[in-house]
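Colleague: Please take a close look at the nonpolar core of this model and tell me what it is built from. Add whatever helps me place it among the chains.

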Amino acid sequence: MTTASILDIQDLSVEIPTDSATLKAVRGISLDLKRGETLGIVGESGSGKSMTALAIMNLLPPSARRAAACINFDGSDLTHSGERELATKVRGQRIGMIFQEPMTSLNPVYSIGRQLTETMTLHRNVSGAEAEQRAIQLLEKVGLPDPASRLKQYPHELSGGQRQRVMIAMALMNEPELLIADEPTTALDVTIQAQILYLLQDLQKELGMSMILITHDLGVVSRSADKIAVMYAGDIVETGTAEEVLRNPQHPYTQGLLECVPGYRGNDAHRLGSIPGIVPSMTGTIRGCAFASRCPRAVDACKTDLPPRKQLGPGRTYVCHDPDATRNQATFGAEEAANEVAVELPKTPGDTVLTVDSVSCTFSVRRGLFGKRKSLKALDTVNLDIRKGEVLALVGESGCGKTTLSRTIMGLQQPDTGSVSLGQHEISTLPAGQRARMIQPIFQDPYSSLNPRKTIGDIIGRPLVVNRIGSKSEQLAKVHKMMEHVGLPRRVFNSYPDQLSGGQRQRAAIGRALIMDPEIVICDEPTSALDVSVQAQILNLLLDLRDELDLTYLFVTHDLSVVQHMADRVAVMYLGEIVECGDRSQVLSNPKHPYTSALLDSALSISPDLSVPAPGLSGEFPNPMNRPSGCPFHPRCPVAEQQCREEVPKPEIIDTTFVKCWKARTFSHQAKHQ
Amino acid sequence: MMTTRQALGDASIASVDTPSELEEGGLGLSPTMAALKRARKHHGLKIGFGILLVMAVFALFAPWLAPHDPYLQNLSLRMLPPVWTEGGNWEYLLGTDHLGRDYLSRLIHGARISMTIGLGAASIGAVIGVTLGLIAGYFGGWIDQAVNFLVTCQLAVPSLLLIMALVFVIGQSVTVVIFVIGATHWVFYLVVTRSATLRLRELDFVAAANAMGCSKFQIAVREVLPNLVNQIMVIFTLEVAVAILNEATLSFLGLGIPSPLPSWGLMIAEGKTAMFFQPWLVILPGIALFILVIAINLLGDGVRDVTVTNRRN
Amino acid sequence: MLNYVLRRGFMALLVALTVSFGTFALFHFATDPAQTIAGEDAPQEMVDEIREQYGFDRPVLVQYGDWLGGVLQGDFGKSYFWKQQVVELIQEHAKVTILLALSALMVTVAIALPLGISAALKPNSWVDRLALSTAVSAQAIPNFWLGLMFIILFAVTFPIFPVSGDATWKHYVLPSLVLGASSVPAVMRLTRTGLLDVLSSDYIRTARAKGFMGYRLILQQAMRNALLPIVSVLAVQLGHKLGGSVVTESVFSMNGLGRLAVESIFNSDIPTVQSLILIFVLTFVLLTLAADLINAWLDPRIRMG
Amino acid sequence: MRIRPPVPIGYCLIGLLALCALPFHASAGAEDDTMVVALSKPLTTVDRLYSIQREGLILSRLTDDGLFFVDPETLEFVPLAASSYEWVSDTELDVTIRNDVMFHDGSPLTVEDVVYTFEWVINEESDTSRGPVIRSWLESVEKLAPGKVRFNLKLPYPMALRDMAISIPLRKQGTYDKAGSETDEQPLNGIGPYRVTEFSAGREIVLDRFEGYYQASPKANPAIENMVFRVIPDQGTQQAELLSGGIDIMMDVPPDVADNVSHLPGVKRLEGNDIRIGYITLDAAGYVDPDSPFTNLKVRQAINHAINREEITKYLMRGSAEVVHFACHPRQFGCNADGPRYPYNPEKAKQLLTEAGYPDGFSFKLWAYREKIIAEAVVSDLKAIDLDVDLRFVKLNVFSKVRNSKDMQAFFASYGSGGTADASASTGVHFAANSARNYSGDDALADTVIAAEQTIDAEERKRLYRQALNRIAEQAYWVPMFSYSQNFLLTPELEFSVPKDGVPRFWQASWRQ
């Protein structure tokens, strides 16, 4: 590594005028990036990290205003470059950029080839053929098979991961010196995320690029970045090497954030740390420390005076008053956690309350205006038991059929064959009201799961009204009690969902699900739309409520760290089938199915000393409309043999774990993770 | 909207999430209050609303505000010009028509007719379109296909011709005109309601309602419909304007409001034979129409602007 | 794709049949075509005889079947009122309407597209405000009134263009302007919002990050996407214009399909009305089909799904 | 927005007329000897045998001759293509044909052509518009000698000459044999002073002078060489065209327009009579409802008294329009009644209504299909005596449907008698037993009318009509309103004598020297 700076940003601010006020998205930050280095910018949504990335090449939305003392890129100051200069000299040529949404970031009406080659022909005096040559070369490099024929394809013909590879190839067309990757893997599944990160890391080494990696995921940043800048409310609150920041965080926010990550403080911690409140809005004049209102160590000075930037070493800074008075104050519920762990009782398996018996589900889908209808097998003879009082985690990548399964369990979707029974009753024969009393859902997106036209009180009490349970006053009392349970202040009773934060909304959704005292709650990715600090609050709440109300959870998720934290048992789904199901400890520490093993490899825990592992899985999640023959996993499986390609594996039970794999008995998981 | 939000990136989410979970933090405005607050800053909306208010007052209190009986004919005082031209008369500020009726009084009473037709027809269209749109969007399948067929029928036939043919065979009266215009202007409601319902149907709060045991009807009416109110309101205002113009056109072509009712379109038609000589007969009702319709459109655009919410999805 | 076209064609046929039967029944119940054929002052004997001769006293379904049978054999019948083959009649009138519709479409495109594009490029600028006020005013002006004002202004006060008729290109100038103006607001608004949407999309940001700017960004990256909704709306607008611009044609006394349709309605000239409806429905369906095909050509997602 | 006062527009119009040296329609004007006439309604065919429109009649007076024609001065029926005629008996008519008459294709008119024409008309297959009427009186036509034909009538029919003059133009033998191909070369092969050179339905008809026209005809040697009939349905457009030189003459101009336009220099206004009358028919027979107020004579009289016909005629019809008191046009033969008249007297009307048992009035629908302005004025008058009138202004075909199914309580209509100056064309048509227009339900009256129609003797016919008309007036079956006035607007260059029966004869037109 050389020590020459390639990018030096001083005092960069971005303001976005809105209807009512001016939003200070980025507040005078300074950054320094050395040649060949990777800088990870970490922050929750609203911290201003994406705006920072866009501000470097002035790609901000038209209304945004940028100001900076200097943005020194390799000796030239970009602050004073006009649009024309940026476009012709810098963008796409010396600085490449990758965005979060691979689905929308490619122009849908032009072929991949055209979008790749034009990047080159626009800037360099090369022929189309030369550019095409380079494009093929790069596509091969980013790991797209059969690159020459890809050139004729259109973005919609590629999967998300493939598109992100194309995006990367496009950013590399002119061999930029700096690559800015704005949440490059957030929209992707874990296995694909690992592949892409590995690819980026590889390419960077090979090409000697510098990189700015923007992400909210501490695991990702811990593996990929050399240096980390933590952003909060438009400001950089802490910088340092990955090791320093993650192992020895100085700023209370960084500390809190890390406490919130499941698995950071060991797998079995019952309660997560959490940061109360949410990011304040950055409008008007900001006084004091922006984190003061959420900080357990805050003293009066934090609320009135701007905190100083403290330098611990070269490139190691944090912005905090660091009041002595509260220096040793334990933070973010750590001691509670200690108590809780003690309270936790070993679980004894209860009776089976819900049985899914060989359920299959097929949809018919038409593709395009002229296409024919095709059938899509979403569920293929799924068997599952849920036992009283347990948390069963259903894990899988997007498109694997977890949502269809949870809908089928709730009785919202009729299975083609098979049945779901709840106690003695088959769910499809139960009257809607009775079913509702036994089973209730909590959904992923708290923005869409609450009717924006109803007040919170209405929403929570609605199940009672629909099922005519109790008198008006009883209903009201119940709603108030439930709001207390889920930690919603009374005054939001007459508020609309839009007036609440994401965390509050999810609390309301939980309240609505629990007001009927259901036996089983289906949590469909209840935290994946939330920031990590809020996720911790909700996970804590869910666990508390389970103990309090004796609930059973079916917890649908893709996040193995959450599974690790929450689940008693785990079921792994792949292409509409359950490929492995068993106790958490069994499945996660000793996976029998190669897919489970690959999922575990791909999950990136916070380990600054490790880099991104080489992906154990090749290829993409297949299109459910073209199911591979034999074992559906065989095209991606590292241990697949002839038998796997031809015969569908038989389900078997090995050490109390259900598994569906020909190689289950011989396969052993080489644990690369901790 | 979605894309603008994306351009703003994650920063704008912070502005949405302004209300904080902090105990001492205040709540944001409720959707209605927020819209009203935006409305106070919207000039087009204020102007449109103001004009409309004045015209509505005229329409409501026409019998007391009009200086003459709009039906009283005086054949010896036919075609008097407005007061500012030669031969004008202070008694008849805007002159008289071909039967010697006071033009100003007829214009004032005309506002009544235009507004009745506009509101009536747009309401009927809304009822038909929203109902069909909800049903088609929510239930899908063959019902959706059938509704889609109806829409194609409706769109494929030139609507003015259809209206004319219907009025022609049913007979002219205010009620018929309201019903016929209403019955031929529901496609816009339907398309918007249907696509919004299709979108909402996939949202989790509908699944939640399903899971709590709501019937399909309850979901469509209690959960989905309230979310369409803003959009329906915007379409409603625009359709009121369309209905008013349609009525005027129809009356102009002689198939709308029957004489001697003072419809503006009819007044233009009646004045047309003399338009080169008594142009005010044509110009005045045209201006009245223009002002009314522009006011409604300003209001509609304004309502759309202020009710657009920064909601996700 | 053939499958798709066939499905659409079948739909069109079904629509045409439904609508034509509807009108057929409507006219038979409410009007007396015999009197039309006979004329205003015709004596009773004549009207009675005509009624019998044309079979107007038979059940509606039988009469409709008769007509449909004729159509299937390519015989659209003879106009009651014009005593002429309907096919010839429509051929004569279609010329005017097609010319008018196309020139009006050109007017619309010439005004709406540049205005919409410049408004989208500079939101909240004076161009944007001009475009918006144009749209709001054009929406509010009654079409027929605009026609009358144009006649007063440009044909009588300043006799630049002829008052009425359809003989020369000059006759088409004012009607095209009036008819074209009527669809300016819709097309302009759509162009503006469509382009604004595209310009704020992620892939345009990508293109900017690649170094595109200025006219290249608009033409080579944004335009094709922005065109998609415009193609659809233009097809619908053209369809409506071809479906007889009743108002414009009557204000300017042009012998187009719209006026033919109105006259035929007024005269209960059922064969003509029926044939016109068939033509309108088929035109509309064909145009929207064409728009879909153009969009499929522009957008691979539609093409391939 | 300032409203442009009318006067400047007037000046502009004057200026415009000065600019007319650059006309858009080069066809109009004396320079190229072409007269352009505006038609309000499209003519669907140029063959008079297949059209009964007034426009067709006007055109056929140029392109066709019948055996007889209506003398423009006396309005009597006199020979035209015939040289003489003779009633051999009440039911036999002999007609001698001229020998110098030529068709437009150059062939001479023969007796065979005459026989062919009439046999074609009475042939059920021919489907001509006047066929049913002619068949009702004409039994057969036979050739007596070269140049002479005999018409055998089914019954005595004094109006035979009228039908021949107005409805039956002569056709070349075999004209209709080649089915449907009459439009080949020449749209029409007539014997009139003008030939049709171009015909496009709904747009225009072009005529030129037929040089082979027989000199002995009173219509011989018309002054203008070319005529164009342009269809312009809209009155306002017609005005604009006249002012900008696009047309030379407008017919049926509404009085208001005529007044306005005639004040401009460069436009000439002509006024003339029309044999058309306007009237209101009341459902005296109680077809709609046997208990209808209109079955009460006092109610019908009240309505007669309530309508201010004088004012309506004076202010709205104007020109030479006159109030009409009986069910015929005063200029028609037989229209000489002396029955009761009902002067405008709203008090008396109110009183009659009270006597009839309707002190607070009642409500009904008044149907109308033309002259909306009159209908509106009538409604206004009736409202003044507390009648609640709902005006149903509809198109003719709807009007006919409702009227023919006897579903109207009252309707305002007009009748032009086909230009015939004989009471049979008005009184006869409206009160015959089988007439859909007859809402009187008075069989005795119907008998009287039929008797009059089948009487050849002039005095007896007059007596019968007087009897019928007085009965109508006594019973107040109608509210006779007014006779119409015809307004023509034309360029001052044009010389044109106003027709007495409302049907212009354009062969009389000429350019002012």
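Modeller: In this predicted model, the largest nonpolar core holds 483 residues. Those with the most contacts inside it are Leu554(A), Phe555(A), Val572(A), Met164(B) and Val281(C). Helix H6 of chain B, residues 103-139, gives the most to this core, with 18 residues. Leu554(A) can serve as an example of the packing: leaving aside residues up to four places away in sequence, Leu554(A) touches Ile386(A), Leu392(A), Leu394(A), Ser406(A), Ile409(A), Ile520(A), Ile522(A) and Cys523(A).

A second core, separate from this one, has 75 residues, among them Ala337(D), Ile385(D), Trp478(D) and Tyr484(D). Chain D itself has 15 helices and 18 strands. Its radius of gyration is 24 Å, close to the 24 Å that the globule rule gives for 513 residues, so chain D is as compact as a globular protein of that length. Along the principal axes, the C-alpha atoms of chain D fill a box of roughly 70 × 70 × 35 Å. Of its 513 residues, 55% are buried. Among contacts in chain D with a separation of 6 or more, 70% are between residues 24 or more positions apart.

The contact between chains B and C is also worth describing. Chain B brings 34 residues to it and chain C brings 40. On the side of chain B that touches chain C, helices supplying at least two residues each include H1 (2-8), H7 (141-156), H8 (159-170) and H12 (216-252). The largest share there, eight residues, comes from H14(B). By class, that side of chain B has 26 nonpolar, seven polar and one charged residues.

Key
Residues are numbered from 1 along each chain as its sequence is written. Chains are lettered from A and ligands numbered from 1 in the order in which they are written. This is a predicted model: local features need pLDDT of at least 70, side-chain atom pairs count only at pLDDT 80 or more; totals for chains, interfaces and linings use all residues. A nonpolar core is a set of buried Ala, Val, Leu, Ile, Met, Phe, Trp, Tyr and Cys residues joined through C-beta atoms within 7 Å. A residue is buried if 20 or more other C-beta atoms lie within 10 Å of its own, exposed if 12 or fewer, and partly exposed in between; C-beta atoms are placed from the backbone. Helices (H or I, at least four residues) and strands (E, at least two) are DSSP runs, numbered from the N terminus. Two residues are in contact if their C-beta atoms, placed from the backbone, lie within 7 Å. The radius of gyration is taken over C-alpha atoms; the globule rule is 2.2 Å times the number of residues to the power 0.38. Ala, Val, Leu, Ile, Met, Phe, Trp, Tyr, Cys and Pro count as nonpolar, Asp, Glu, Lys and Arg as charged, and the others, Gly among them, as polar.
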